[in-house]
Amino acid sequence: MKINLKYSVFYFLLLVSGLSRAQDAYIDSLKLELKKATNDTIKLDLLTQLSNECDLTEILMYTEPAIEIAEKLLNNNTYPLIKLSIQNKLAQALNDNGYLYRQQGKTPLALNYYHQSLKILESILKEAKTKDHKNQIKRDIASVLLNSGSSYIDQNEPEIALENYNKALKLQEEIADSIGIANALFDIGNIYSGTGDFKKAYSYNVKCLTLYEHFGQKIGASNCLNNLAFYFRKEGDLIKAREYLFKSLRLRKEMGDQRSIASSYFNLADNYLNFAKKTNDLQSKQKNYLIALAYSDSSLGLSKKFHLIFEIS
């Protein structure tokens, strides 16, 4: 069936525009509620929601007053359940600060906030009474551990990152959070890939791919497939690597993720280029060079059209 690319792109942009407007409307409603709020507990809840939804540049606008209000409420409130709820909001605000500073490349500062968040969450876990509450806090702790692990990667400390990722994995397994388990497995696989242990990296990516595919998580599955392609590339099996790249590309096209599609095109260009360099057959060499050029042009074209900046992955 012939596909009209012009209209496919149009509907993709229409969908993204609609989602963006919906999110903007939600944020605007939270801001309006915040202006009307007079109760500090309500303000704290709205501020933490906003810090989780807003643009990166606005995070401190909401986390700083959230932290200030939370600390004030904790000094004046001794009722256990309310205290735990306030502590949870404080931990969230601190975690959001960690995320902000990691994105800004301020890794030590990011880790400082992540550590503060973890300390509070671990104290809440000790006080939590119900299984549901404990599971939620374990999920939150695992999330912060994964975030801090990424910061340790940025700081070139993979051993500490791996320790955090394994702690997160154990917590996700305790609460049977399959997607959380897959996320932890994916991060652990990336650690082993980065340290050159490609066999272990392969094993962890196969495990998380199984979970992502079972639960229909296309983003995670496409990234795992891409990692598996990288493994076979390192093994010198470019044909097998190509199979995984095409599987990853198919999912990325289904999602309409132009940045990831452009990245996939680049990786396919690299694959065909390397194949052309290795083959001794002149006809095959020329054919693969031309295919590599076509994928390279497609990647560049998408990048220019959508003003994309992407990491090669």
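Is Ile 27 buried or exposed? Select Ile 27 in this predicted model and show the surface around the residue: Ile 27 is buried, with a relative accessible area of 11%, and therefore falls below the 20% cut-off for that class.

**The whole chain**

Before going further with that residue, zoom out and colour the model by secondary structure, which shows 13 helices and zero strands, so that the pattern read along the sequence is an unbroken series of α elements, α-α-α-α-α-α-α-α-α-α-α-α-α. Taken along the principal axes, the box filled by the C-alpha atoms is roughly 80 × 45 × 35 Å. With a surface displayed, the protein exposes about 17,900 Å², of which carbon and sulfur atoms supply 53%, while 43% of the 313 residues count as buried. If contacts are drawn between residues at least 6 apart in sequence, 54% of them join residues at least 24 apart.

**Helices H1, H3 and H4**

Return now to Ile 27, which has its place in helix H1, residues 5-36. Leaving out residues up to four places away in sequence, select what Ile 27 touches, namely Leu 50, Glu 53 and Cys 54. A distance drawn from the C-alpha of Ile 27 to that of Gln 87 comes to 23 Å, for two residues that are 60 apart in sequence.

Next, select Pro 65, which is found in helix H3, residues 59-76. Pro 65 counts as partly exposed, at 27% relative accessibility, because that class lies between the buried limit of 20% and the exposed limit of 50%. Apart from neighbours within four places in sequence, Pro 65 is in contact with Leu 47 and Leu 60. Ala 93 stands 28 residues away from Pro 65 in sequence, and the C-alpha atoms of the two are 9.5 Å apart in space.

Helix H4 can then be selected as residues 80-103. This helix has 24 residues and reaches 35 Å from its first C-alpha to its last, close to the 34 Å expected at 1.5 Å a residue. Just after H4, stop at Gly 105, where phi is positive at about 80°.

**Two loops with positive phi**

Most residues other than glycine have a negative phi, and the next two stops depart from that sign. Asn 156, although it is not a glycine, has a positive phi of about 60°; the residue is found in the loop between helix H6 (131-154) and helix H7 (158-174). At 65% relative accessibility, Asn 156 counts as exposed.

Moving on to the loop between H7 and H8, select Ala 176. Here too a residue that is not a glycine takes a positive phi, of about 55°, and Ala 176 counts as exposed, at 59% relative accessibility.

**Helix H8 and the cavity**

From Ala 176 continue into H8, which has 17 residues and reaches 24 Å from its first C-alpha to its last, close to the 24 Å expected at 1.5 Å a residue. Show the side chains of its buried residues, among them Ile 181, Leu 185, Phe 186, Asp 187, Ile 188 and Tyr 192. The buried residues of H8 pack against H6, H7, H9 and H10, so bringing those four helices into view displays the surroundings of the buried residues of H8. H8 is followed by Gly 196, whose phi is positive, near 90°.

Where should one look for enclosed space, and which residues line the largest cavity? The structure holds one cavity of 30 Å³ or more, and about 60 Å³ of space lies in the largest cavity. To find its lining, select Asn 190, Ser 193, Phe 198, Ala 201, Tyr 202, Asn 205, Asn 227, Leu 228, Phe 230 and Tyr 231. The elements that give two or more residues to this lining are helix H8 (178-194), helix H9 (198-214) and helix H10 (218-234). Coloured by class, the lining has six nonpolar, four polar and no charged residues.

**A last stop in H12**

Finish at Ser 264, found in helix H12, residues 258-278. Ser 264 is buried, with a relative accessible area of 1%. Not counting residues up to four places away in sequence, Ser 264 touches Ser 248, Leu 249 and Arg 252, and displaying these three together with Ser 264 completes the view.

How values were computed: Residues are numbered from 1 along each chain as its sequence is written. This is a predicted model: local features need pLDDT of at least 70, side-chain atom pairs count only at pLDDT 80 or more; totals for chains, interfaces and linings use all residues. Side-chain values use heavy atoms; hydrogens and water are left out. On a 1 Å grid over the protein atoms alone, a cavity is a set of points where a 1.4 Å probe fits but cannot get out, and a pocket is an open set with protein on both sides within 12 Å along at least five of seven lines; lining residues have an atom within 4 Å of a point. Grid points are joined across faces, edges and corners, and a volume is the space filled by probe spheres set on the points. Ala, Val, Leu, Ile, Met, Phe, Trp, Tyr, Cys and Pro count as nonpolar, Asp, Glu, Lys and Arg as charged, and the others, Gly among them, as polar. Buried means under 20% relative accessible area, exposed over 50%, partly exposed in between (1.4 Å probe, protein chains only). Contact means heavy atoms within 4.5 Å. Accessible areas come from the Shrake-Rupley method with a 1.4 Å probe; for residues, only the protein chains shown count as cover. The expected span of a helix is 1.5 Å times one less than its number of residues.
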